[in-house]
Amino acid sequence: IIMLDHAVGDHLTLNDWMAEEGTAFAAVTPAATDPFNIIYSSGTTGTPKGIIHSHGMRWHQMAGGFKSIYSHDTRSLVSTPLYSNTTLAVFLPTICHGGFARIMEKFDALAYLGHAQTDKTTHTMLVPVQYQRLLAHAAFGNYDLSSFIVKFCTSAPFAAELKADVLKRWPGGLVEIYGMTEGGVVCMLHAHHHPHKLHTVGQPVTGHELIVLDEDDNRLPAGSKGVLTGRSPTMMSGYKNQPEKTREMEWRDADGNVWLKTGDIGIVDEDGFVSIVGRAKDMIISGGENVYPAEVESSIYGHPAVLEVAVIGVPDDRWGEAVKAVCVPKPGTQIDADDVIAWAREKIAGFKVPKSIDIIEALPRNASGKILRKDLRAPYWAGRDRQVN
């Protein structure tokens with residue numbers, strides 16, 4: 001224990017702990033297996049876990065797929081937290097290839113647009129809610145964003161309607177990245193090249209393999225819906241001090257190769273593009289039927305009065321769980337619950353349609369833009385047990 005502010009008991013203070021001024025550390029050449037960083041998971045479904053990335057894993061990223069995207073002419077704008085792998089996916093390759101990166105202390109739509117215009121930003125990484133806020137800002141069209149080469153998005157579901165709006169109004173390419181901080185499989189959707197596939201997260205990148213497992217970890221044939229599971233050269237070394245949690249993530253094939261389970265339910269279409277149905281832990285069991293929130297949310301996005309939506313399961317004496325949509329209205333509009341339910345009914349099966357709609361001002365999110373569904377569910381399940389949380 002190091003005391004930062006003042007001495008307490010026998011504990012060292014920060015000054016006692018630091019080396020003498022002018023001390024230089026001994027040069028060390030890291031091995032490929034040595035830890036490069038520890039990034040903690042978001043904790044949206046449980047206690048955060050420390051994810052260890054090796055030097056070899058990070059070098060493979062920098063010298064591999066990012067090599068053709070970044071150069072010393074890159075000018076990146078960083079507005080997401082530095083402790084997030086979302087941020088490092090654009091910050092590290094910028095620095096590695098000798099580019100320039102501006103780090104915003106805090107995201108603000110007007111400040112972001114101002115920096116992008118002044119810096120002639122070429123690359124950025126934003127989470128979906130940031131794209132939404134930027135495009136909804138009245139001043140968006142007043143800024144020159146013509147210097148953008150590519151914009152990335154990851155970390156949370158990215159609605160097809162929002163992708164289409166970005167492509168229409170913001171110069172430069174748009175690339176959605178699907179994957180886990182833990183590694184495994186990474187998929188990319190080059191939306192500007194595949195505008196007819198905006199409902200997907202793209203295809204596995206070169207060198208990455210993807211399969212689908214059932215709930216008993218059996219491999220399913222192509223075209224089946226199940227748990228997306230992948231392997232690649234960019235996989236974590238493991239969770240720090242949690243070998244049992246590491247083993248829970250892993251699946252081994254007949255040859256002993258390690259694959260990592262994403263926890264996401266998805267399906268691969270005939271062209272190799274991956275669609276995400278939802279997370280296994282978020283699955284709602286209503287009347288014995290499995291309902292995945294992402295599928296229901298997709299049916300509601302596009303409603304003229306709905307800005308954002310999150311779908312959860314709430315207690316129901318008849319069905320066990322009932323599907324509820326929690327909606328945020330667009331500015332200047334009012335949401336009619338019956339109209340939203342009718343809108344969804346035209347697109348999905350009846351048992352998936354929300355039984356009720358709640359309207360709130362903003363969805364709870366963490367710093368990476370992920371919706372905190374457990375916070376949304378908590379008031380409804382207070383004093384009751386829920387098997388899937």
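# Exercises on helix packing and aromatic pairs

In this predicted model, helices α5 and α6 pack with their axes 11 Å apart and at an angle of about 50 degrees.

## Exercise 1: The packing of α5 and α6

Classify the orientation of α5 relative to α6, give the handedness of the crossing and name the residues that meet.

**Solution.**

1. The angle between the axes is about 50 degrees. Angles under 35 degrees count as roughly parallel, and those from 65 to 115 as roughly perpendicular. The two helices α5 and α6 are therefore oblique to each other.
2. The crossing in which α5 passes α6 is left-handed.
3. On the α5 side, P128, Y131, Q132 and L135 take part, and they meet L162, D165, V166 and R169 of α6.
4. In general, an α-helix has 3.6 residues a turn, so residues three or four places apart point the same way.

## Exercise 2: The burial of α5

Determine how many of the nine residues of α5 are buried, and against which elements they pack.

**Solution.**

1. A residue is buried when its relative accessible area is under 20%. Seven of the nine residues in α5 are buried, and the helix is mostly covered.
2. These are P128, V129, Q130, Y131, Q132, L134 and L135.
3. Their packing partners are the helices α4 (109–119) and α6, together with the strands β7 (123–126), β8, β9 and β20 (306–316).
4. L135 of helix α5 serves as an example: its relative accessibility is 6%, so L135 counts as buried. Leaving aside residues up to four places away in sequence, L135 touches F140, L162, D165, V166 and R169.

## Exercise 3: Two aromatic pairs

Classify the ring pairs Y131–F158 and F148–W170, and locate each ring in the chain.

**Solution.**

1. A pair of aromatic rings is described by the distance of the centres and the angle of the planes. Ring centres must lie within 6.5 Å, and by this rule there are nine aromatic pairs.
2. For Y131 and F158, the centres are 5.5 Å apart and the planes make 20 degrees, and the pair is stacked. Y131 belongs to helix α5 (residues 128–136), while F158 lies in the loop between β8 (150–153) and α6 (160–169); the pair links distant parts of the chain, 27 residues apart.
3. Y131 has 0% relative accessibility and so counts as buried. F158 is buried as well, with a relative accessible area of 7%.
4. For F148 and W170, the centres are 5.4 Å apart and the planes stand at 90 degrees, so the pair is edge-to-face. This pair also joins distant parts of the chain: F148 is in the loop between α5 and β8, and W170 is in the loop between α6 and β9 (173–178), 22 residues apart. Both F148 and W170 are buried.
5. The four rings belong to one aromatic cluster, formed by F107, Y112, Y131, F140, F148, F158 and W170.

## Exercise 4: Charges over rings

Identify the rings over which the charged ends of R75 and K355 sit.

**Solution.**

1. R75 places its charged end over the ring of F100, 4.3 Å from the ring centre.
2. K355 places its charged end over the ring of W319, 5.6 Å from the ring centre.

## Exercise 5: The crossing of α2 and α3

Describe the crossing of α2 and α3 and name the residues in contact.

**Solution.**

1. The axes of α2 (residues 55–63) and α3 (residues 85–96) come within 10 Å and cross at roughly 65 degrees.
2. This crossing of α2 and α3 is right-handed.
3. R58, W59 and M62 of α2 make the contact with N85, L88, L92, P93 and C96 of α3.

Technical notes. Residues are numbered from 1 along each chain as its sequence is written. This is a predicted model: local features need pLDDT of at least 70, side-chain atom pairs count only at pLDDT 80 or more; totals for chains, interfaces and linings use all residues. Side-chain values use heavy atoms; hydrogens and water are left out. Rings of Phe, Tyr and Trp (its six-membered ring) pair if their centres lie within 6.5 Å; planes under 30 degrees apart count as stacked, over 60 as edge-to-face and the rest as tilted. Helices (H or I, at least four residues) and strands (E, at least two) are DSSP runs, numbered from the N terminus. Buried means under 20% relative accessible area, exposed over 50%, partly exposed in between (1.4 Å probe, protein chains only). A charge sits over a ring if NZ of Lys or CZ of Arg is within 6 Å of the ring centre and within 35 degrees of the ring normal. Axes are lines fitted to C-alpha atoms, for helices over the stretch in contact, and angles run from 0 to 180 degrees between N-to-C directions. Angles under 35 degrees count as roughly parallel, over 145 as roughly antiparallel, 65 to 115 as roughly perpendicular and the rest as oblique. A crossing is left-handed if the near helix is turned anticlockwise from the far one by less than a right angle, and right-handed if clockwise. Contact means heavy atoms within 4.5 Å.
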